[in-house]
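Me: Please give me a close look at the packing in this one, contact by contact. I'd like the cut-offs along the way.

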Amino acid sequence: MQFSLLETGGTINGILGPEDVPPLQSRVEAWLRSQADDLVLEFNTVHICMKDSRAVTDADRARLALEIKRQATDRILIPHGTYTMPDTGMYLRAQLGADVQQKSIVLSGSLIPLNDPESDAEASLGFALEVLRDKPAGVWIAMQGKLWDPREVTKDTATGRYKPA
């Protein structure tokens, strides 16, 4: 499967707070490259930013929307922090307009960083890749083994889990 990885950071990459120094490499990109042969993956990577999602700005989101439009592939995976993932999803829907129906755009993240003990990241990424293989048109959030419309989901900050808005 061919897709574009548009990296924004988040807990999945080991960024736990807005004050964290961004890592030099994407954990997600490294994991996907290690799985590429087994999962039959071909992808290019564009680093938009490497931030905790609470530090993601509308300027970052605008660059993300522009990169989505620039990508030749119709499958886009966006690792993202969980705090503002629905905000980014709604922003992309609004900015991309009718163009959003030409691509399958999946945001995914985790509550525990990739490669850490008991991380949910591999399961989240695996589910996101399954969604991309099915290629539903639009902007989606793949979390907790569920596919969410960003307009219909919110993060429960007490539990860290996503729930219907």
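Reply: Here's a walk through the ring pair, a neighbouring residue and then two helix contacts.

This is a predicted model, with local features needing pLDDT of at least 70 and side-chain atom pairs counting only at pLDDT 80 or more, while totals for chains, interfaces and linings use all residues. Residues are numbered from 1 along each chain as its sequence is written, and side-chain values use heavy atoms, with hydrogens and water left out.

Let's start with the rings. The count comes to 1 aromatic pair (Phe, Tyr or Trp rings, six-membered for Trp, with centres within 6.5 Å; planes under 30 degrees apart are stacked, over 60 edge-to-face, the rest tilted). The rings of Phe3 and Phe43 have centres 5.1 Å apart and planes at 15°, so they're stacked. Phe3 sits in strand β1 (residues 2-9) and Phe43 in strand β2 (residues 42-51), so the pair ties together parts 40 residues apart in sequence (strands are DSSP E runs of at least two residues, helices H or I runs of at least four, numbered from the N terminus). Phe3 is buried at 2% relative accessibility (buried is under 20%, exposed over 50%, partly exposed in between, with a 1.4 Å probe and protein chains only). Phe43, at 12%, is buried too.

Also in β1 is Ser4, buried with a relative accessible area of 1%. Leaving out residues up to four places away in sequence, Ser4 touches Asn44, Gln71, Thr73, Arg75, Ile76 and Leu77 (contact means heavy atoms within 4.5 Å).

Now the helices. The axes of α2 (residues 58-70) and α3 (residues 85-96) come within 10 Å and cross at roughly 55° (lines fitted to C-alpha atoms over the stretch in contact, with angles from 0 to 180 degrees between N-to-C directions). That makes α2 and α3 oblique (under 35 degrees is roughly parallel, over 145 roughly antiparallel, 65 to 115 roughly perpendicular, the rest oblique), and the crossing of α2 with α3 is right-handed. On the α2 side, Arg61, Leu64 and Ile68 are among the residues meeting an α3 set that includes Tyr91 and Leu92. The residues of this α2–α3 contact split into 7 nonpolar, 2 polar and 4 charged.

As for α1 (residues 27-39) and α4 (residues 121-134), their axes come within 12 Å and cross at roughly 55°. α1 and α4 are therefore oblique, and their crossing is right-handed. Val28, Trp31, Leu32 and Leu39 of α1 meet Glu122, Leu125, Leu129 and Arg133 of α4; the residues of that contact come out as 6 nonpolar, no polar and 2 charged.

Key. A crossing is left-handed if the near helix is turned anticlockwise from the far one by less than a right angle, and right-handed if clockwise. Ala, Val, Leu, Ile, Met, Phe, Trp, Tyr, Cys and Pro count as nonpolar, Asp, Glu, Lys and Arg as charged, and the others, Gly among them, as polar.
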